[in-house]
Amino acid sequence: MSQQFYRAIVVGGSSGIGRELVLQLAASGCQVASVARRTEPSGENIRNYAHDVTDFAAAPALFQQICLELGGLDLIVYASGVMPSVGPDEFCFEKDKQMVDVNILGAVAWLNEAAQRFGQAGSGTIVGIGSVAGDRGRAPKPVYGASKAFFESYLESLRNRVGTKGVRVVTIKPGPTDTPMAAEHVGKKLPAAEAARQILAAARTGKRVVYVPGILKYVFAIIRALPSPIMQRLKF
Ligand SMILES: NC(=O)c1ccc[n+]([C@@H]2O[C@H](COP(=O)([O-])OP(=O)(O)OC[C@H]3O[C@@H](n4cnc5c(N)ncnc54)[C@H](OP(=O)(O)O)[C@@H]3O)[C@@H](O)[C@H]2O)c1
């Protein structure tokens with residue numbers, strides 16, 4: 001059954017996919033809290049909260065404050081993410097730590113709060129923006145891919161914990177999407193507005209794991225099945 005959302009938090013709502021989610025949710029009449037370091041101009045139904053997700057200790061109080069100010073919560077999306085460029089022979093701990101902090105620990109700080117609240121309420125939808133990059137250990141961006149593999153596993157665990165209590169947990173796995181993060185990507189990219197439309201459709205029906213666009217489900221079924229020596233040779 002398709003669900004209408006009335007009060008939502010989008011963590012990472014200042015740019016790219018997250019921004020499009022904020023705009024489309026607001027246009028549907030949903031009250032949206034956009035959380036990010038940059039605060040875009042507020043529009044109708046949109047409230048901005050300046051927050052760095054690596055300030056982990058601040059997340060619980062801000063989560064409670066937003067729920068209070070929205071008058072409730074029925075959807076949270078974790079869209080914050082970083083993917084610094086990494087050279088083929090580069091091993092930079094600082095970049096790796098930033099990806100772990102934003103893509104993993106920030107997500108856990110925010111979604112633990114949501115899982116607890118939704119579990120107690122017996123309803124609510126959690127959406128995590130993972131990536132196809134988490135499907136295999138790929139040569140170009142070791143920690144980015146690993147952070148997305150962690151995220152997918154963590155979301156599956158949340159689903160198995162609170163799914164039986166009426167909470168929906170939706171894992172989104174986008175391919176290349178036209179946002180500032182993917183500026184260096186030269187191949188075909190899905191427009192961010194179309195990605196957001198497909199993500200909201202998946203959230204409304206409470207699907208478990210969704211590739212965006214859907215065709216990537218079949219492409220990555222093949223990539224997941226490739227033997228490790230072939231992945232090593234492809235280096236893609
Ligand atoms: N674009 C693609 O091709 C693609 C493909 C697969 C998956 N994804 C995933 O989709 C999600 C959205 O990415 P995007 O492509 O829309 O990238 P984007 O346009 O660069 O947006 C990234 C978002 O993350 C937020 N963010 C980064 N560091 C943060 C921090 N320390 N604290 C709070 N927020 C932070 C940014 O907000 P501030 O900078 O204002 O803080 C921004 O809102 C990411 O998880 C990404 O990994 C993207």
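**Cysteines and aromatic pairs**

Okay, let's start with Cys-30: this residue is buried, at a relative accessible area of 0%. Keep in mind that we're looking at a predicted model. Cys-67 is buried too, with 3% relative accessible area.

So how many disulfides does the count give? Zero. Here's why: the cysteine sulfur closest to that of Cys-30 belongs to Cys-67, and it sits 12 Å away, too far for a bond. Turn it around and you get the matching answer, because the closest cysteine sulfur to Cys-67 is the one in Cys-30, again at 12 Å. For a disulfide, the two sulfurs would have to be within 2.5 Å.

Right, on to the rings. Searching the whole structure turns up four aromatic pairs, and I'll walk you through two of them, starting with Phe-63 and Trp-110. That pair is edge-to-face, with 6.4 Å centre to centre and 75° between the planes. Phe-63 is in helix α2, residues 59-70, while Trp-110 is in helix α3, residues 93-121, so the contact ties together parts that are 47 residues apart in sequence. Phe-63 is buried, at 0% relative accessible area, and Trp-110 is buried with a value of 0%.

The other one I picked is Tyr-78 with Phe-151: ring centres 6.1 Å apart, planes at 75°, so edge-to-face. And what does this pair tie together? Tyr-78 comes from strand β4, residues 75-78, and Phe-151 from helix α4, residues 142-162, so the pair links parts 73 residues apart in sequence. As for exposure, Tyr-78 and Phe-151 are both buried.

Key
Residues are numbered from 1 along each chain as its sequence is written. This is a predicted model: local features need pLDDT of at least 70, side-chain atom pairs count only at pLDDT 80 or more; totals for chains, interfaces and linings use all residues. Side-chain values use heavy atoms; hydrogens and water are left out. Buried means under 20% relative accessible area, exposed over 50%, partly exposed in between (1.4 Å probe, protein chains only). Rings of Phe, Tyr and Trp (its six-membered ring) pair if their centres lie within 6.5 Å; planes under 30 degrees apart count as stacked, over 60 as edge-to-face and the rest as tilted. Helices (H or I, at least four residues) and strands (E, at least two) are DSSP runs, numbered from the N terminus.
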